[in-house]
Amino acid sequence: MNTRQRIDSPAIPDGTIKTLVAMFSFSDYASGQGEQQSLKSLKGSAEAQARLRAVFEAPRFREAGFKVLDLAPCSDAVEVLTRLKEIGALIRSRPEMNVVLVWSGHAQTFDRRLRLATPECVDPLHEASGVPADELITQCGAKMARNFCVVIDSCEAGGAFLDFAGVAASVQWSPVKPD
């Protein structure tokens, strides 16, 4: 049974959500075989993500129009990209919405590009493992949101800077006028 919350569900009615906090949190990864090993479990990361979620679900944030959406579990990179595209559809339908995208899990930089590990990844990571950090922006159509913030909780997270700067330089942002 798939227990993930659909992004277009009635839990996100039009007009009531001002800020969507979309959270990916990966703490367990595939079992390695042969020379490949399992990536280290990140139980502490999952606990930190739960604490962050509790902050955004506090009454003062809910009253201010915040909605937290868990985007995990996802089984692999394809499912992560699908979830990002679902967020994109939501953003296109609600361009006045602010979006905070939180990613927590393993990552590694290859040739100054950050790759974010998804559940099927094993150690050692390689250049085609997981998803590139810039896909967090491009796949969900971030340029359509009123404001868009990405928070990456991983090793080498600074490696995403050049990826994000490149995306920002290549698109024309479509800001929504303030209320």
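Two strands count as paired if DSSP finds at least two bridges between them. With that in hand, start in the middle of this predicted model, where S1 and S3 run parallel and are joined by seven bridges. If you want a spot to look at, find Leu-20, which stands opposite Val-99 in S3.

From there, step outwards. On one flank, S1 also pairs with S2, again in the parallel sense, this time over five bridges. Here Val-21 has Val-68 in S2 as its bridge partner. On the other flank, strand S3 (residues 98-104) pairs with S7 over seven bridges, and that pairing is parallel too. Val-100 facing Cys-149 in S7 is a handy marker for it.

Put those pairings together and you get an open sheet of four strands, in the order S2-S1-S3-S7, with parallel pairing. Strand S2 (66-70) and strand S7 (147-153) sit at the edges with a single partner strand each, so one side of each has no neighbour in the sheet. The strands aren't perfectly aligned: ignoring direction, neighbours are turned by 15 degrees against each other on average. As for what holds such an arrangement together, strands of a sheet pair through backbone hydrogen bonds, either parallel or antiparallel.

How much of S1 is buried? Six of its seven residues are, which makes the strand mostly covered. Two of the helices that lie over it are worth finding. Helix H1 (residues 43-56) lies across strand S1 (19-25), S2, S3 and S7, and runs at about 170 degrees to S1. Helix H3 (residues 77-93) lies across S1, S2, S3 and S7 as well, at about 180 degrees to S1.

H1 repays a closer look. Its 14 residues, at 1.5 Å a residue, should span 20 Å, and the end C-alpha atoms are indeed 20 Å apart, so the two values agree. Which of its residues are buried? They are Ser-45, Gln-49 and Phe-56. Look down the axis of H1 and these buried residues fall within an arc of 40 degrees, so they line one face of the helix. The general rule behind this is that an α-helix has 3.6 residues a turn, so residues three or four places apart point the same way. The buried residues of H1 pack against S1, helix H2 (59-63), S2, S3 and S7.

Now leave the parallel sheet for some antiparallel pairing. Strand S4 (residues 107-110) and strand S5 (residues 113-116) pair in the antiparallel sense over four bridges. Together S4 and S5 form a hairpin with two residues between them, and Asp-111 in the turn has a positive phi of about 50 degrees. S5 also pairs with strand S6 (residues 131-132), antiparallel again, over two bridges. Leu-116 has Val-131 in S6 as its bridge partner.

Phe-110 is a good residue to stop at here. You'll find Phe-110 in strand S4, with Arg-113 in S5 as its bridge partner. Is Phe-110 buried or exposed? The cut-off for buried is under 20% relative accessible area, and Phe-110 has 16%, so it counts as buried. Leaving out residues up to four places away in sequence, Phe-110 touches Arg-115, Leu-125, His-126 and Glu-127. Take Leu-125 from that list: it is 15 residues along the chain from Phe-110, and their C-alpha atoms are separated by 9.6 Å.

A little further along is Asp-134, in the loop between S6 and helix H4 (135-138). At 14% relative accessibility, Asp-134 is buried as well. What does Asp-134 contact, leaving aside neighbours within four places in sequence? The residues are Arg-113, Asp-163, Phe-164 and Val-167. Arg-113, you may recall, is the bridge partner of Phe-110.

Finally, zoom out to the whole chain. The protein chain has five helices and seven strands, and along the sequence they come in the pattern β-α-α-β-α-β-β-β-β-α-β-α. Among contacts with a separation of 6 or more, 71% are between residues 24 or more positions apart. Buried residues account for 44% of the 179 residues. The chain exposes about 9,600 Å², with carbon and sulfur atoms supplying 54% of that area.

How values were computed: Residues are numbered from 1 along each chain as its sequence is written. This is a predicted model: local features need pLDDT of at least 70, side-chain atom pairs count only at pLDDT 80 or more; totals for chains, interfaces and linings use all residues. Side-chain values use heavy atoms; hydrogens and water are left out. Buried means under 20% relative accessible area, exposed over 50%, partly exposed in between (1.4 Å probe, protein chains only). Contact means heavy atoms within 4.5 Å. Accessible areas come from the Shrake-Rupley method with a 1.4 Å probe; for residues, only the protein chains shown count as cover. Axes are lines fitted to C-alpha atoms, for helices over the stretch in contact, and angles run from 0 to 180 degrees between N-to-C directions. The expected span of a helix is 1.5 Å times one less than its number of residues. The arc is that of the directions from the helix axis to the C-beta atoms.
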